[in-house]
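Trainee: Please take a close look at the ligand and its surroundings for me. After that, relate that part to the rest of the chain.

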Amino acid sequence: GLEYIRCAINRGLSVDDVAPRLSFFFAIGMNFYMEIAKLRAARTLWATLVKKHFNPKNPKSLLLRTHTQTSGWSLTEQDMYNNVVRTTVEAMAAVMGGAQSLHTNSFDEAVALPTEFSSRIARNTQLILQEETGIPAVVDPWGGSHMMEQLTDDLVAEAMKIIDEVEEKGGMVRCIEEGMPKLRIEESAARRQASIDSGKEVIVGVNKYKPTSEQKTDVLKIDNKQVLASQKERLAQIKASRDAAAVKAALEGVTAAAKDDSKNLLAAAIVAAKARATLGEITDAMESVFGRHVATNRVVQGVYNETYNTSGREDDLKAVTDLVQQFEQKNGRRPRILVAKMGQDGHDRGAKVISTGFADLGFDVDIGPLFRTPAEVAKHAVESDVHVVGVSSQAAGHRTLIPQLIQQLKAEGAENIVVIAGGVIPQEDYDELYKAGVALIFGPGSPVPMCARKTVEHLLRA
Ligand code: B12
């Protein structure tokens, strides 16, 4: 927020032109009191910092506006209807924390896009809170509670330390360039996963009180081929019906604005969009000047084992590291895995958590960049001489991209490289993938040691 205001001021706007129009997006998870305190602390922080740095005249500049979304991460594939309860608890935290706007997730969002039924329940969760409970009628209902005030103050103090650290490093843009926030998130995700895998943190239906019978829930199925064909057709129609000369001129305008700091790039992009240039064309017009951001890919190491080892279940890890050693003795080197991401799937948290966990369990881990094609992944796998490619797929490209990868490995003469997969893959797609040659599949909620154990067992058998 501070960085945006600074940018705007540098371009000649005043704090009061910008600050009242900013809106912040918060995810709201299951830690109920903490989430309420988080929104309360955010308001205090914003008002304090904007006043200190920019001294606005309009009091609205000090008001923090928030959109909140109940956590998608806390949703589970296992015992799926539990997610209705999770979303309700999270929505209550958002409302009690004073959110201005709220998105409630549907209970099936851990495995697919929501159905009409699940969307209706998600919407009704909000309506019930709004119309039946009286909860939204009170502003800051937790104000004055000793526990809540203390928690809020503690959060303000802890958050201030991080904000000061960011400021000292030269601001958020600099920190993003250095990969600092990304690495912190990845470290925290690996610790959280270890906490869940080891049972320290309870997730009902996943690591405790697991269902004893098979649970079947209808999930939305989307035909990728049909979506691709219809998108291509719509693009062709747009391209045929638009004024090609106007599009060309508008895209040149975007490139010119990207080159010249005194020009307004957003305005040029709006002209291009109105001329019906596509998003790809608009970004290409900028890429020719800016290049493409490639995130630094570092695997956080040590934190998975460190967290797991305080759970009293260290033996789980030893069982896996013993197998890894057995593999090393047999093959002269440790099992090597390429964790790969393909297609337009930008979700990398699962890939990072798996990479950290597998590395801590003794694997040699190569982590591939985002947005690779199957051919690029196959080439990388061969060049790095890996034993296994682990595809992490969250954006529903698995039925298309994984069989293509297996074909590409064959074309490279590397059919001995084992392919495993994990991520948001509905159970009903498993058979199709096994038939295509995938050795193992690990869905949401899979404990990392179990993934590693099954992988090394498979490699030992192969
Ligand atoms: C966090 C998240 C995001 C973050 C991603 C941040 C990041 N850096 O990864 C943000 C907000 C950016 C995001 C964006 C989007 N998201 Co999203 N996202 C999620 C969410 C809520 C959680 C994913 C996650 O991190 N889980 C935690 C990790 C640790 O779990 P995991 O990935 O499942 O991995 C575990 C296992 O699956 C397994 N595993 C995974 N990979 C591998 C690999 C190997 C080798 C092995 C052994 C095991 C393994 O082990 C892990 C540990 O148990 C999911 C819903 C969900 N609950 O899964 C939606 C979800 C994946 N997102 C979805 C969508 C639609 C999007 C957007 C298109 C939304 C939009 N319209 O803009 C964009 C797409 C961005 C892009 N370019 O891809 C959909 C995908 C729908 C589908 N598959 O049909 C989901 C399922 C939500 C939904 N139902 O709508 N998202």
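Mentor: One definition first: a residue is called buried when its relative accessible area is under 20%, exposed when that area is over 50%, and partly exposed in between. A396 has a relative accessibility of 39%, so this residue counts as partly exposed. Keep in mind throughout that the model is predicted.

Now the ligand. The shell around the ligand consists of 32 residues, and the closest of them are A112, G346, H347, S392 and S446. Sorted by class, the shell holds 14 nonpolar residues, 14 polar residues and four charged residues.

Several backbone atoms come within reach of the ligand's own polar atoms. In A112, a backbone N or O atom sits 2.6 Å from a nitrogen atom of the ligand. At E109, a polar backbone atom is 2.8 Å from a ligand nitrogen. P444 is placed opposite an oxygen atom of the ligand, with a backbone N or O atom 3.5 Å away from that oxygen. As for secondary structure, the elements that contribute two or more residues to the shell are helix 15 (349-360), strand 6 (388-393) and strand 7 (418-423).

Which domains give the shell at least three residues each? They are domain 1 (2-178) and domain 3 (313-461). The domain assignment of the chain also includes domain 2 (242-290). Between the C-alpha centres of domain 1 and domain 2 the distance is 33 Å.

Strand 6 leads back to A396, which belongs to the loop between strand 6 and helix 17 (398-411). The phi angle of A396 is near 70°, a positive value in a residue that is not glycine. R276 shows a positive phi as well, near 70°, and R276 is not a glycine either. The loop that holds R276 runs between helix 11 (265-274) and helix 12. With 46% relative accessible area, R276 falls between the two cut-offs and is therefore partly exposed.

Next come the charged pairs in the rest of the structure. Side chains of opposite charge can pair when their charged atoms come close. The structure has 32 salt bridges in total. One of them reaches helix 12: K239 and E281 form a salt bridge in which the closest N and O atoms are 3.9 Å apart. K239 belongs to helix 9 (residues 224-241) and E281 to helix 12 (residues 279-290), so the pair ties together distant parts of the chain, 42 residues apart. The two partners fall into separate accessibility classes: K239, at 41%, is partly exposed, while E281, at 18%, is buried.

In another salt bridge, D345 pairs with K341, and the closest N and O atoms are 3.0 Å apart. D345 and K341 are both buried. Shared partners also make a network of salt bridges, which joins K182, E186, D348 and K352. A further bridge brings the side chains of E201 and R192 together, at 2.8 Å from N to O. E201 has 21% relative accessibility, and R192 has 36%; both therefore count as partly exposed.

Closer to the start of the chain, D17 is part of helix 2 (residues 15-18). The side chain of D17 comes to 2.8 Å from the backbone nitrogen of S14. D17 is partly exposed because its relative accessible area is 40%. P56 is 39 residues away from D17 along the chain, and the C-alpha atoms of D17 and P56 are separated by 9.8 Å.

The last point concerns the cysteines. A disulfide is a covalent bond between the sulfur atoms of two cysteines. How many disulfides does a search of the whole structure find? Zero. For C7, the closest cysteine sulfur is that of C175, 14 Å away, which is too far for a bond because a disulfide requires the two sulfur atoms to be within 2.5 Å. Looked at from C175, the closest cysteine sulfur is in C7, again at 14 Å and too far for a bond. C7 is partly exposed, at 47% relative accessibility, whereas C175 is buried, at 0%.

Terms used:
Residues are numbered from 1 along each chain as its sequence is written. This is a predicted model: local features need pLDDT of at least 70, side-chain atom pairs count only at pLDDT 80 or more; totals for chains, interfaces and linings use all residues. Side-chain values use heavy atoms; hydrogens and water are left out. A salt bridge is a side-chain nitrogen of Lys or Arg within 4 Å of a carboxyl oxygen of Asp or Glu. Buried means under 20% relative accessible area, exposed over 50%, partly exposed in between (1.4 Å probe, protein chains only). Helices (H or I, at least four residues) and strands (E, at least two) are DSSP runs, numbered from the N terminus. A residue is near a molecule or strand if one of its heavy atoms lies within 4 Å of it. A polar contact is a pair of N or O atoms within 3.5 Å; within protein, one must be able to donate a hydrogen and the other to accept it, and residues adjacent in sequence count only if both atoms are side-chain atoms. Ala, Val, Leu, Ile, Met, Phe, Trp, Tyr, Cys and Pro count as nonpolar, Asp, Glu, Lys and Arg as charged, and the others, Gly among them, as polar. Domain bounds come from an automatic or database domain assignment.
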